[in-house]
Amino acid sequence: MKLLASTVLAALLVLPAFSDTIPITLDIVNADGAPDGFNRSMVTANGTYPGPLITATKGDTLVVTVNNLLDDPTMRRSTSLDFDGLFVNTPDSFNEGSSFVTTCPVAPNASYTYTIPLVDGQAGTFWYHSQLSVQYVDGLRGALVVYDPEDPLKDLYDVDDETTIWQVGDWWHNTTLPLLAGYVATGIVPVSDSGTFNGVGRFNGGPEVPFFVVNVVQGTRYRFRIINTSARNVFTMSIDSHNMTIIETDGTPTSPMTVNSIDMLAGQRHSVVVEANQPVANYWINAPYVGGDPTRNLNQNATLSRAILRYQGAAEEDPSSPMSLGPAGAELNALVEANLRPLVASPAPEADINITLNLVVTAGKAQWNVNNVSYLPPDVPTLVKILDGANSTEDFNVTENTFVLPANKIVQVIFPPSIDDEAHPFHLHGNNFWLIKSNSSEEINTENPIKRDVAGVGSTGTIMRFSTANPGPWFFHCHIFWHFQAGLATVMASGLDETRETVKPTQAWTDLCPAYDALPADLQ
């Protein structure tokens, strides 16, 4: 995998310097690779894991052409691409990429172009991945960064480029179809074999794959953009002998907060400023993770999940200090999510509608329920039904778990306290939300809460508010994709009349469903 990992930077997309439209071509192909030293077939974009970095500037339009060339029968062969965290306005909702909600998947040997205008002045750290079943577990995931030339925090850092992006993720040796079959048979979520840092990892008893190296120059300040691309694992990020100052959370600029440890749930992103202010040497970047019972997979050793921060002039060798899980005890200054504040305060409006979501697993089964309903993808996507005249909850299958909401309202979603041992990271597509109560605290903050698009629920309980001023059917689901596949999902469908008035899909989009429906099961 060293070769594959090293090609990530070489695979950076070459973008026009002053273009408002960013053309991108992603060939979705099966490629052999060994991220942690174990060779296997993967699902990739342009043959690399992670996929090519996509970059743009605030206000640009992404034009992403996906060519589906998948042919390995041990994994799904159709595909669909989602751009996590990007705002998607109502007229463009048909290009949002959520299989069976806003679109049908792209069939093998077919192509589709997603056109995504970057709206509302949004900038920050995002990512893309397959939104079909658990396909991104097989490797189809990559970083997406939208730069802001007028970043109000740019005076805090000197370097922010393709070398300062950190993608951590869980990795499995087996492919997803047998993994999913095992989950269905036992009700036990697969436990990863390893974790990767920018496509590089190690597992117990495996080869000593060289750790990814992050090069720095003493006296320089770096903006590191950290993305947890996992399908399950929570990563805890730290750097030996260095602090991290958080300046962005899920695309929202934050009031700078200095910590030395950050827990990141699947799908979450943070930008941190790190000053290379220590003696010239090599330092461990610690990225241990948790995700299920490690005794269920003896390949797993979370201590091996790490990279090296190498100062210019240091020897090309591993750090001399022992591998650890990061700061502990009196030295620990961990992020408390409830303490995050936006750089510009955005008070949460009073709620017009209240929804309580209770999450319950069916014992011994691969089935999760939201308010006693386990989500199942419909044969006809939600958006197609809306365009065809669906007007009420009764027009959708019960198992679509669709909440029909009026436009231009504020919806409050309450997740009651829970003793579940996994903090389900709930993610809202196409929009973000005010996190007025984090599960890290009992505090309710409506004055200046952080706005983000992925937050853990359970524990002490979580409360979010979002606006329906951007109508459409927006997926709202757990970003532990094994749970998502097992039904831990809802659709927040707002402003159905407004959606019909403004969404005018292309013929290429209209053709996706008939093409997918005509496929034999093994090609879907």
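A cavity here is a set of grid points where a 1.4 Å probe fits but cannot get out. Keep that in mind on this tour of a predicted model.

**Stop 1: the second largest cavity**

The second largest cavity has a volume of about 60 Å³. Select D82, F83, D84, G85, L86 and V88, then add N95, E96, I116, H427, H429 and G430 to complete its lining. Colour strand β5, residues 81–84: this strand gives the most to the lining, with three residues. By class, the lining has four nonpolar, five polar and three charged residues.

**Stop 2: the largest cavity**

Two cavities of 30 Å³ or more are counted. The largest cavity holds about 80 Å³. To see its walls, select E337, A338, L340 and R341, then L435, I436, K437 and S438, and finally E443, N445, P449 and I450. That lining splits into six nonpolar, two polar and four charged residues.

**Stop 3: the largest pocket**

Now turn to an open space. The largest pocket takes in about 850 Å³. Its lining has 41 residues; centre the view on F87, Q122, G251, T252 and P253, the closest to the pocket's centre. Next, show the strands β8 (141–147), β13 (221–228), β15 (244–249), β16 (252–259) and β31 (462–467), each of which supplies at least two lining residues. Colour the lining by class: 17 residues are nonpolar, 13 polar and eleven charged.

**Stop 4: the seven-stranded sheet**

Stay with β13, β15 and β16. These strands belong to an open sheet of seven strands, in the order β11-β10-β9-β13-β18-β15-β16, with mixed pairing. Which strands stand at the edges? They are β11 (200–201) and β16; each has a single partner strand, so one side of each is left without a neighbour in the sheet. Zoom in on β15 and β16, which run antiparallel and are joined by five bridges. Pick T245 and look across to T258, its bridge partner in β16.

**Stop 5: strand β32**

Select residues 472–478, strand β32. Is this strand enclosed or open? Seven of its seven residues are buried, meaning under 20% relative accessible area, so β32 is largely enclosed by the rest of the structure.

Add β27, residues 424–428, which pairs with β32 in the antiparallel sense over three bridges. Here L428 has F476 of β32 as its bridge partner. Then add β33, residues 489–494: its pairing with β32 is also antiparallel, over six bridges. Finish on G472, which stands opposite S494 in β33.

Conventions. Residues are numbered from 1 along each chain as its sequence is written. This is a predicted model: local features need pLDDT of at least 70, side-chain atom pairs count only at pLDDT 80 or more; totals for chains, interfaces and linings use all residues. Side-chain values use heavy atoms; hydrogens and water are left out. On a 1 Å grid over the protein atoms alone, a cavity is a set of points where a 1.4 Å probe fits but cannot get out, and a pocket is an open set with protein on both sides within 12 Å along at least five of seven lines; lining residues have an atom within 4 Å of a point. Grid points are joined across faces, edges and corners, and a volume is the space filled by probe spheres set on the points. Helices (H or I, at least four residues) and strands (E, at least two) are DSSP runs, numbered from the N terminus. Ala, Val, Leu, Ile, Met, Phe, Trp, Tyr, Cys and Pro count as nonpolar, Asp, Glu, Lys and Arg as charged, and the others, Gly among them, as polar. Buried means under 20% relative accessible area, exposed over 50%, partly exposed in between (1.4 Å probe, protein chains only). Two strands pair if DSSP finds at least two bridges between them.
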